[in-house]
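Good morning, colleagues, and thank you for coming. I should like to take you through one structure today, moving from the strand pairing to a few individual residues. Please have the sequence and the model open as I speak.

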Amino acid sequence: MALKHHTIIFVPHAQAKLRKWRVTNRQLVIAAASILFLTAFAVFISWSYFTTAFDRDRLEGLRAENQDLQQVNESFAESIGELEGRLAEYEDRTRKLAILAGLETPGINNGDAGIGGLPSAPSDLEQLEFLDARVNVLDGTLSQVAERLDERARWISAMPTLLPVRGISTSAYGLRKDPVTGKRAFHQGLDISAAPGAEVRAPADGIITHSGWNGGLGKSVFLSHGYGIHTRYGHLSKLAVEEGTRVQRGEVIGYVGSTGRSTGYHLHYEVRVDGKPTNPMGYILDRVSWR
């Protein structure tokens with residue numbers, strides 16, 4: 001079967017011969033395919049070149065980013081180490097405070113806090129979780145210590161450790177010869193001789209439960225300190241507080257006198273625990289002069 005063909009005529013400028021080419025359909029197909037192949041090849045080469053350049057830049061960027069991440073990781077590891085050191089220091093301080101507060105601290109400075117241990121090569125996440133658990137234990141212990149120390153502070157402020165007035169003790173707590181009847185009787189407090197009008201001060205924080213006349217005690221003040229501790233101040237010449245008033249250690253509550261069943265100017269001072277009289281000298285920390 002004869003191949004179809006085409007004639008291509010090239011027309012130059014004037015005074016030149018015409019040029020003719022005779023091509024078949026097959027030749028046209030081959031030429032077109034070749035052109036398409038070369039075009040595709042050129043596009044592929046261009047794409048490969050630019051893609052390779054892009055990948056190279058991206059690779060360099062990834063390398064730089066990896067170096068930055070390594071530096072950040074090293075800095076993070078150093079920070080965790082410093083945090084662990086500071087946490088261990090705080091745990092040690094908290095343990096000492098807990099001992100002073102009378103608390104047991106099984107979770108401080110050891111691995112018995114119910115938080116487990118770390119594997120031989122812990123990950124950053126495992127280290128952070130472990131540190132977080134230690135911080136939670138420390139926070140709970142500090143709360144207990146703060147609560148116990150606050151309770152201790154209230155307890156200390158309630159202890160009548162100071163003399164309510166400066167003077168000379170004329171009659172101690174216990175059996176004695178009654179100065180009025182002359183018979184042996186039990187003295188439920190401490191008599192302190194002082195100048196008339198001398199200031200009588202609260203030996204501890206508390207609330208005034210009585211301020212007025214009370215039989216043989218004459219003008220008197222009763223003070224409740226909490227924890228079952230009460231104090232009484234008798235034979236006063238003048239009262240300086242009212243019932244229901246809260247007073248602090250060292251605050252003036254009255255003045256020395258000789259009211260009620262008294263033979264001279266002095267302060268009758270009692271300490272009662274759960275309603276029972278006790279020796280005031282068992283609480284007093286400052287000095288007292290004896291006759």
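**Strand pairing and selected residues**

T231 stands opposite V271, a residue of strand 13. I begin with that pair since it belongs to the antiparallel pairing of strand 10 with strand 13, which extends over six bridges. Please keep in mind throughout that this is a predicted model.

Let me give the overall picture before returning to the strands. The protein contains two helices and 15 strands. Of its 291 residues, 29% are buried. The accessible surface amounts to about 19,200 Å², and carbon and sulfur atoms account for 56% of that surface. Taking the contacts between residues at least 6 apart in sequence, 58% of them join residues at least 24 apart.

Now back to strand 10, which covers residues 229-239. Which residue of strand 10 does L223 stand opposite? The residue is T231, which also stands opposite V271 in strand 13. The strand 9 side of this arrangement is antiparallel as well, with six bridges joining strand 9 to strand 10. Strand 10 further pairs with strand 12, residues 252-256, in the antiparallel sense over three bridges. Within strand 12, Y255 is the bridge partner of K238.

The connection between strands 9 and 10 deserves a moment. The two strands form a hairpin with two residues between them, and in that hairpin Y227 takes a positive phi near 60°. Y227 is a residue other than glycine, and its place is the loop between strand 9, residues 219-226, and strand 10. Is Y227 buried, exposed or partly exposed? Its relative accessibility is 39%, so Y227 counts as partly exposed.

A second residue with positive phi is D274, at about 55°, and D274 is not a glycine either. D274 sits in the loop between strand 13 and strand 14, the latter being residues 276-278. The relative accessible area of D274 is 62%, and D274 is therefore exposed.

Let us now follow strand 13 in another direction. Strand 13 pairs with strand 6 in the antiparallel sense, over four bridges. One of the matched pairs is I192 with its bridge partner L267 in strand 13. Strand 6, residues 190-193, in turn pairs with strand 3, residues 168-171, again antiparallel and over three bridges. Here S171 stands opposite D191 in strand 6.

Two residues can be read against this background, and the first is H266. H266 lies in strand 13, which covers residues 266-273. Why does H266 count as buried? Its relative accessibility is 9%, and the cut-off for buried is under 20%. The side chain of H266 makes a polar contact of 3.5 Å with the side chain of S262. A polar atom of the H266 side chain also lies 2.8 Å from the backbone oxygen of G264. Beyond the neighbours within four places in sequence, H266 is in contact with D191, I192, S193 and A194, with G234 and H235, and with V256 and G257.

The second is R176, found in strand 4, residues 174-177. R176 has a relative accessibility of 19% and, since buried means under 20%, R176 counts as buried. Which side chain is joined to that of R176 by a polar contact of 2.8 Å? The partner is S171, the residue that stands opposite D191 in strand 6. Leaving aside neighbours within four places in sequence, the contacts of R176 are S171, K183, R184, A185, H187 and D191. D191 thus appears in the contact list of R176 and also in that of H266.

I finish with helix 1, residues 25-101, where L38 has its place. The relative accessible area of L38 is 54%, and for that reason L38 is exposed. L38 belongs to a nonpolar surface patch formed with F37, F41, F44, I45 and W47. Together these residues have about 710 Å² of accessible area.

To close, I would recall two items from the strand pairing. Strand 10 pairs with strand 13 over six bridges, and strand 13 also pairs with strand 6 over four. Thank you for your attention.

Key
Residues are numbered from 1 along each chain as its sequence is written. This is a predicted model: local features need pLDDT of at least 70, side-chain atom pairs count only at pLDDT 80 or more; totals for chains, interfaces and linings use all residues. Side-chain values use heavy atoms; hydrogens and water are left out. Buried means under 20% relative accessible area, exposed over 50%, partly exposed in between (1.4 Å probe, protein chains only). A polar contact is a pair of N or O atoms within 3.5 Å; within protein, one must be able to donate a hydrogen and the other to accept it, and residues adjacent in sequence count only if both atoms are side-chain atoms. Contact means heavy atoms within 4.5 Å. Two strands pair if DSSP finds at least two bridges between them. Patches are made of residues with over 30% relative accessible area and no salt bridge: like charges are joined within 9 Å, nonpolar side chains (Val, Leu, Ile, Met, Phe, Trp, Tyr) within 5 Å. Accessible areas come from the Shrake-Rupley method with a 1.4 Å probe; for residues, only the protein chains shown count as cover. A salt bridge is a side-chain nitrogen of Lys or Arg within 4 Å of a carboxyl oxygen of Asp or Glu.
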